[in-house]
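Colleague: I have not worked with this one before. Could you please show it to me and take me through the main points?

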Amino acid sequence: MTEEESLAQPVLVKPTKVAVLSLFPEMFEALSAWGISSRAISDGLLHLNCINPRDFTTDKHQTVDDRPYGGGPGMLMRVDPLVKAVEASLEWLVCSRDEAHIIYMSPQGQKFDAKGADQLTKRTNLIVICGRYEGVDERFIEEFVDEEWSIGDYVLSGGELPAMVVLDALIRKLPGALGDIQSAEQDSFEDGLLDCPHYTRPEVFRGREVPAVLLSGNHKRIRQWRLQQSLGRTLLRRPDLLDALELSQEQKALLDAFKNEI
Ligand code: 9D3
């Protein structure tokens, strides 16, 4: 038995239940079969159920798309299978409409970030709707959707990859999902700064040495160096992130020293 397994504690918090509505439910094996998200699911921190609107069609060809009123290129998702899939989701969640939080992954949504992930971790019953084609009928959104989320200003082929991005970010924040409690707090963006550079063996790689401070064993100096690297890289690469922060006296001093070095 590994150290991780022997130290594992049973979960004492109510698990997050997520129903995903998607025409391509198998895509979510990327979450359920691999890595931290897979472990969180098998540990019971998160219950994930993918529901396919196609299973709720009633015609011979299992039609899930239809033409837009007003004409134009492209198709929309038919409303009826979506509504039935939402109802099936509520049954699986064992909750009423008011007790569920329904989000729609959409290019028209709010930009998803660490704060959005934090908000979603507070929900216990989530329904995540993934669009395909050109999207869904606006009246379905008005009737069923609490929030629309985008993952950024670029065109993708559907809501599945964005939904997995959102769920992976959410899962990492669930208590117990990361082996080491500190890891969640050290994740980039949690303190508003970019991560510092990291090094592993060998000590010299193609003539490039590991920074001497990391070999010094002086943990106070190592912590300061890492913080200074985080501050400096954020200044150089993402000054917008620095603008949004109130720096401590120590952080100001380390950043000033970084500026003087460059
Ligand atoms: C190219 C078609 N577009 C203009 C006619 C509209 C459009 C419809 C459907 C564009 C993309 C999509 C599919 N995308 C998503 O469902 C999606 C998405 C995205 O494309 N980018 C960033 N976040 C998201 S969340 C859902």
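Modeller: A definition comes first: strands are DSSP runs of E with at least two residues, helices are runs of H or I with at least four, and both are numbered from the N terminus. With that numbering, N52 falls in the loop between β2 and β3 (65-66). Please keep in mind that this is a predicted model.

Colleague: Is N52 buried or exposed?

Modeller: N52 is buried, because its relative accessible area is 13% and the cut-off for buried is under 20%.

Colleague: Which backbone atom does the side chain of N52 reach?

Modeller: That side chain reaches the backbone nitrogen of R54, at 2.9 Å.

Colleague: What about Q62, where is its place?

Modeller: Q62 also sits in the loop between β2 and β3. Its phi is positive, about 55 degrees, although Q62 is not a glycine. With a relative accessibility of 37%, Q62 counts as partly exposed.

Colleague: And in which strand does C50 lie?

Modeller: C50 belongs to strand β2, which covers residues 46-51. It counts as partly exposed because its relative accessibility is 27%, and the partly exposed class runs between 20% and 50%.

Colleague: How many residues apart in sequence are C50 and D118?

Modeller: They are 68 residues apart in sequence, and 22 Å separates them in space, C-alpha to C-alpha.

Colleague: Let us turn to the ligand. Which of the 16 residues around the ligand come nearest?

Modeller: The nearest of those 16 are E134, I151, G152, Y154 and L156. By class, the shell is made up of 9 nonpolar, 6 polar and 1 charged residues.

Colleague: Which element gives the largest share of the shell around the ligand?

Modeller: That is β5, with 3 residues. Both β5 (101-111) and β7 supply at least two residues of the shell.

Colleague: How far is a nitrogen atom of the ligand from a polar backbone atom of Y154?

Modeller: The distance there is 2.8 Å. A backbone N or O atom of L156 is likewise 2.8 Å from the ligand, in this case from an oxygen atom. In addition, a ligand nitrogen lies 3.4 Å from an N or O atom in the side chain of S150. As for cover, the ligand taken alone exposes 570 Å², and the protein buries 73% of that.

Colleague: You mentioned Y154. Where is its place?

Modeller: Y154 lies in the loop that runs between β7 (147-150) and α7 (160-173). Its relative accessibility is 49%, so Y154 counts as partly exposed. On the surface, Y154 forms a nonpolar patch with L156 and L161, and together they have about 310 Å² of accessible area. Y154 and L156 thus appear in this patch and also among the residues that come nearest to the ligand.

Colleague: A change of topic, then. Which peptide bond is cis?

Modeller: The bond from R201 to P202 is cis, with omega near 5 degrees. P202 is in the loop between α8 (181-186) and β8 (204-205).

Colleague: One last residue, R206. What is its phi?

Modeller: R206 has a positive phi of about 50 degrees, although it is not a glycine. Its place is the loop between β8 and β9 (208-209).

Colleague: And does R206 count as buried or exposed?

Modeller: R206 counts as exposed, because its relative accessibility is 74% and the exposed class begins over 50%.

Conventions: Residues numbered from 1 in each chain as written. Predicted model: local features only at pLDDT ≥ 70, side-chain atom pairs only at ≥ 80, totals over all residues. Heavy atoms only, no water. Patch = residues over 30% accessible without salt bridge, like charges linked within 9 Å, V, L, I, M, F, W, Y side chains within 5 Å. Areas by Shrake-Rupley, 256 points an atom, 1.4 Å probe, with all protein chains shown as cover. Salt bridge = Lys/Arg side-chain N within 4 Å of Asp/Glu carboxyl O. Buried < 20%, exposed > 50% of the residue type's maximum accessible area, 1.4 Å probe, protein only. Near = heavy atom within 4 Å. Polar contact = N/O pair within 3.5 Å; in protein donor to acceptor, adjacent residues only side chain to side chain. Nonpolar A, V, L, I, M, F, W, Y, C, P; charged D, E, K, R; others polar.
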